Amino acid sequence: MSRIAYVNGLYLPHAEAGVHIEDRGFQFADGVYEVCEILGGHLVDETRHIDRLLRSLGELRMAMPMSRAALGVVMREVVRRNRVRDGVVYVQVTRGVARRDFLFPAGVAPTLVVTARPADRAKTEMTAATGISVITLPENRWERVDIKTVGLLPNCLAKEAAKAAGAREAWYVDRDGFITEGGSSNAWIVSAGGALITRPAEFGILRGITRTVTLEVARRLNLTVEERPFAREEAYAAVEAFGTSASLGVMPVVRLDGRVVGDGKPGRAARALRAEFHKVAEIAP
Ligand code: PMP
């Protein structure tokens with residue numbers, strides 16, 4: 001079955017889907033995106049993802065190509081046409097096509113691309129059952145990582161470095177020695193006292209949707225949460241660590257820079273948060 005992509009009003013086979021060579025997403029990474037989980041054919045946390053898309057667009061003075069209701073229809077249609085039960089739907093909006101110039105073009109229609117792809121749920125659950133390895137790297141991204149732009153080259157480099165070190169994810173460390181977030185996930189640790197610790201989302205990190213929902217799950221489980229920066233050394237000494245992202249959910253971290261975290265197995269808090277997550281997340285009809 002050929003994969004179908006939505007591009008500016010058309011549903012096309014991937015091989016025929018494309019954007020112009022002077023699309024500003026291609027030339028300047030002048031675009032934003034969202035990745036939304038699909039569970040049993042349903043969109044997970046659609047409202048929060050579209051809210052964040054609108055915020056990203058607003059921060060870059062970019063226009064929303066269609067109403068949020070219409071976008072919801074397109075996302076569902078792409079999921080349906082690709083027959084995705086479990087996986088992700090990807091939404092990208094760029095400023096559009098214009099002669100290459102740094103200044104924002106006037107009167108240009110934004111480009112909208114929506115794709116969907118299945119994920120191997122059983123494989124992800126197996127990964128979560130063993131946990132992943134993470135390395136740390138110096139933070140080298142711009143200050144506006146709160147905007148979900150497609151300018152992800154530092155993230156690609158970080159993940160390449162992780163892979164070369166036999167790890168799955170890289171956590172960035174800021175100049176003061178505090179963990180910011182992962183290349184495609186938010187970072188969490190659990191203290192010896194059992195408190196969940198994660199960096200506040202005011203600046204320096206993306207306000208992950210999975211992070212937001214996990215905070216709510218933690219509240220419902222009566223777990224103590226401390227939203228504060230934590231240093232790499234504190235993470236080394238943590239009893240648990242985990243990451244959160246829409247594509248992998250709550251993902252236990254069992255090694256950090258080659259050191260065993262806790263007892264080297266997925267921790268109790270991470271497992272409980274993962275198990276409860278979809279009871280709290282918004283599952284669209
Ligand atoms: N931080 C970064 C840099 C990311 O790319 C992602 C994944 N999109 C996240 C955090 C997690 O965000 P979410 O839970 O919304 O997927």
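1. A good place to start is Val 79. Leaving aside residues up to four places away in sequence, Val 79 touches Ile 38, Gly 41, Leu 43, Val 84, Val 89 and Ala 116. Please keep in mind as you look around that this is a predicted model.

2. Where does Val 79 sit? Its place is in helix H3, which covers residues 68–81. Is Val 79 buried or exposed? Its relative accessibility is 5%, and because buried means under 20%, Val 79 counts as buried.

3. One of the contacts deserves a second look. Val 79 and Ala 116 are 37 residues apart in sequence, yet their C-alpha atoms are 5.8 Å apart in space. The list of residues that Val 79 touches also includes Val 89. Two strands are worth following from here: S5, residues 87–94, and S6, residues 111–118.

4. Now to strand S6 itself. How many of its eight residues are buried? Six are, so S6 is mostly covered under the cut-off of 20% relative accessible area. As general background, side chains in a regular strand alternate between the two faces of the sheet.

5. S6 has strand partners that you can trace in the model. With S5 the pairing is antiparallel and runs over eight bridges; within this pair, Gln 92 stands opposite Val 113 of S6. Strand S1, residues 4–7, is also antiparallel to S6, and two bridges join them. Here Tyr 6 has Val 114 in S6 as its bridge partner.

6. Stepping back to the whole chain, there are eight helices and 15 strands. The radius of gyration is 19 Å, close to the 19 Å that the globule rule gives for 285 residues, so the chain is as compact as a globular protein of that length. Along the principal axes, the C-alpha atoms fill a box of roughly 55 × 40 × 35 Å.

7. How do the contacts spread along the sequence? Taking contacts between residues at least 6 apart in sequence, 70% join residues at least 24 apart. The pair Val 79 and Ala 116, 37 residues apart in sequence, is a handy example to display.

8. A last word on burial, surface and charge. Buried residues account for 50% of the 285 residues in the chain. The chain exposes about 14,000 Å², with carbon and sulfur atoms supplying 55% of that area. As for charge, there are 39 positive and 34 negative charges, and their mean positions lie 3 Å apart.

Key:
Residues are numbered from 1 along each chain as its sequence is written. This is a predicted model: local features need pLDDT of at least 70, side-chain atom pairs count only at pLDDT 80 or more; totals for chains, interfaces and linings use all residues. Side-chain values use heavy atoms; hydrogens and water are left out. Helices (H or I, at least four residues) and strands (E, at least two) are DSSP runs, numbered from the N terminus. The radius of gyration is taken over C-alpha atoms; the globule rule is 2.2 Å times the number of residues to the power 0.38. Buried means under 20% relative accessible area, exposed over 50%, partly exposed in between (1.4 Å probe, protein chains only). Contact means heavy atoms within 4.5 Å. Accessible areas come from the Shrake-Rupley method with a 1.4 Å probe; for residues, only the protein chains shown count as cover. Lys and Arg count as positive and Asp and Glu as negative; His and the chain ends are not counted. The place of a charge is taken as NZ of Lys, CZ of Arg, CG of Asp or CD of Glu. Two strands pair if DSSP finds at least two bridges between them.
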